[in-house]
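Hi,

Here is the structure I said I would pass on. Have a look at it first, and then read my notes below.

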Amino acid sequence: MIKVVITGSNGLLGQSLLNLLLKEKNKYQVFGFSRGNNRSGRADFEYISIDITDKFLLKEVIHQIKPDVIINTAAMTNVDVCEVKKEACNLLNVTVVQWLSELSKELNAHIIHLSTDFIFDGKKGNYKETDTPKPLNYYGVTKLKSEEVLIASQVDFTILRTILVYGQVFDKSRNNIVLWVKKSLEAKKEITIVDDQYRMPTYVEDLALACKIAMDKKAIGTFHISSKKLLSIYELAQQIAEVFQLDKNLIKPISTATLNQTAARPAITGFDLTKTNLELAFYPKSFKDDLLKFKENSK
């Protein structure tokens, strides 16, 4: 039996991981860490309400469990909030990763950690795992620091960098680009979407599967996980309207410069997925194919 701790088990990826791993209860013993009540809609795993920014509590609980694998999905991800609340962002995104890496070393556990396309400056796009990072905002800075912590730690680690993750949590409380566009168009609201930022969005179920593959293969190192085609965010919104049969005319293009966002965003990200294909035998699909799957799963 493989003991797996999932930090952030109430979150979008956390819940998808629970749903995936609990299909194999004879193989995985799953422990979910989050603050407050269990919001996953499942009671068939061990849920632990914990503030993981409490170092001593985190250490005590991890040592009691003695996990084989820690999947760290917990992070502060609101890019503009990170720019303002730098101390809180650094604590969760960097310091906690340092503690988890130390605990992984003590227990000889494999740590799987989520990172982001925002470690890059967005000047070229189609980034390989080996390209030089240059974050434009504090969120990106902290995620890059968390990667450096793991690389320096001498533990078995997997870093999965991803882009614009979407899907749906059990209680439908979380928002993301797909749900926001869908809800707005269903309400017949006109929306403005940037047409000069390019991304490869990631369906959360694909990301959960990539975590599981990395765990099962004990794939060490850094891997890129996203859909396979670069699209402008405006094009993404158009495809969401098409798949859910909503009015595309309500979507109006604007430029990033008009938004006055607190934190800078990279213009063009997107990933080269060659290493992921070869080493994980994982072949992401197009955004549209994933959207159709999401639509089917949401019924």
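Contact here means heavy atoms within 4.5 Å. Keep in mind that this is a predicted model.

With that cut-off, what does L291 touch, leaving out residues up to four places away in sequence? The list is Y166, V178, Q239, I240, V243 and F244. L291 also stands out in the largest nonpolar core, which has 55 residues: together with V178, L291 touches the most other members. Helix α7 is the top contributor to this core, giving eight residues. Another core lies apart from it, with 34 residues that include F33, V94, Y139 and V149.

Now to the rings. There are eight aromatic pairs in the model. Take Y166 and Y203: their ring centres are 5.5 Å apart and their planes sit at 20°, so this pair counts as stacked. Y166 belongs to strand β7 and Y203 to strand β10 (residues 202-203), so the pair ties together parts 37 residues apart in sequence. Are these two tyrosines buried or exposed? Y166 is buried, at 0% relative accessible area, and Y203 is buried too, at 2%.

Y166 has a second partner, F287, and this pair is edge-to-face, with 5.6 Å from centre to centre and 85° between the planes. It links distant parts of the chain, as Y166 is in strand β7 and F287 in helix α10, 121 residues away. F287 is buried, like Y166. Put F244 and F294 alongside Y166, Y203 and F287 and you have one aromatic cluster.

Next, helix α1 (residues 12-21). Nine of its 10 residues are buried, so the helix is largely enclosed by the rest of the structure. The buried ones are L12, L13, G14, Q15, S16, L17, L18, L20 and L21. What covers them? Among the elements doing so are strands β1 (2-7), β2 (28-34), β4 (69-72), β5 (110-116) and β7 (165-166), along with helix α7 (204-217).

Last, a pocket. The second largest one has a volume of about 460 Å³. It is lined by 24 residues, and those closest to its centre are S16, N19, Q168, Y203 and E205. Helices α1, α7 and α10 (287-297) each give two or more residues to the lining. By type, the lining splits into nine nonpolar, nine polar and six charged residues. You'll recognise two names there: S16 is one of the buried residues of α1, and Y203 is the stacked partner of Y166.

Cheers

Definitions and conventions: Residues numbered from 1 in each chain as written. Predicted model: local features only at pLDDT ≥ 70, side-chain atom pairs only at ≥ 80, totals over all residues. Heavy atoms only, no water. Buried < 20%, exposed > 50% of the residue type's maximum accessible area, 1.4 Å probe, protein only. Helix = DSSP H or I, 4+ residues; strand = E, 2+ residues; numbered from the N terminus. 1 Å grid on protein atoms, 1.4 Å probe; cavity = no way out; pocket = protein on both sides within 12 Å on 5 of 7 lines; lining within 4 Å. Points joined across faces, edges and corners; volume = space filled by probe spheres on them. Nonpolar A, V, L, I, M, F, W, Y, C, P; charged D, E, K, R; others polar. Core = buried A, V, L, I, M, F, W, Y, C linked by side-chain atoms within 4.5 Å. Phe/Tyr/Trp six-rings, centres within 6.5 Å; stacked < 30°, edge-to-face > 60°.
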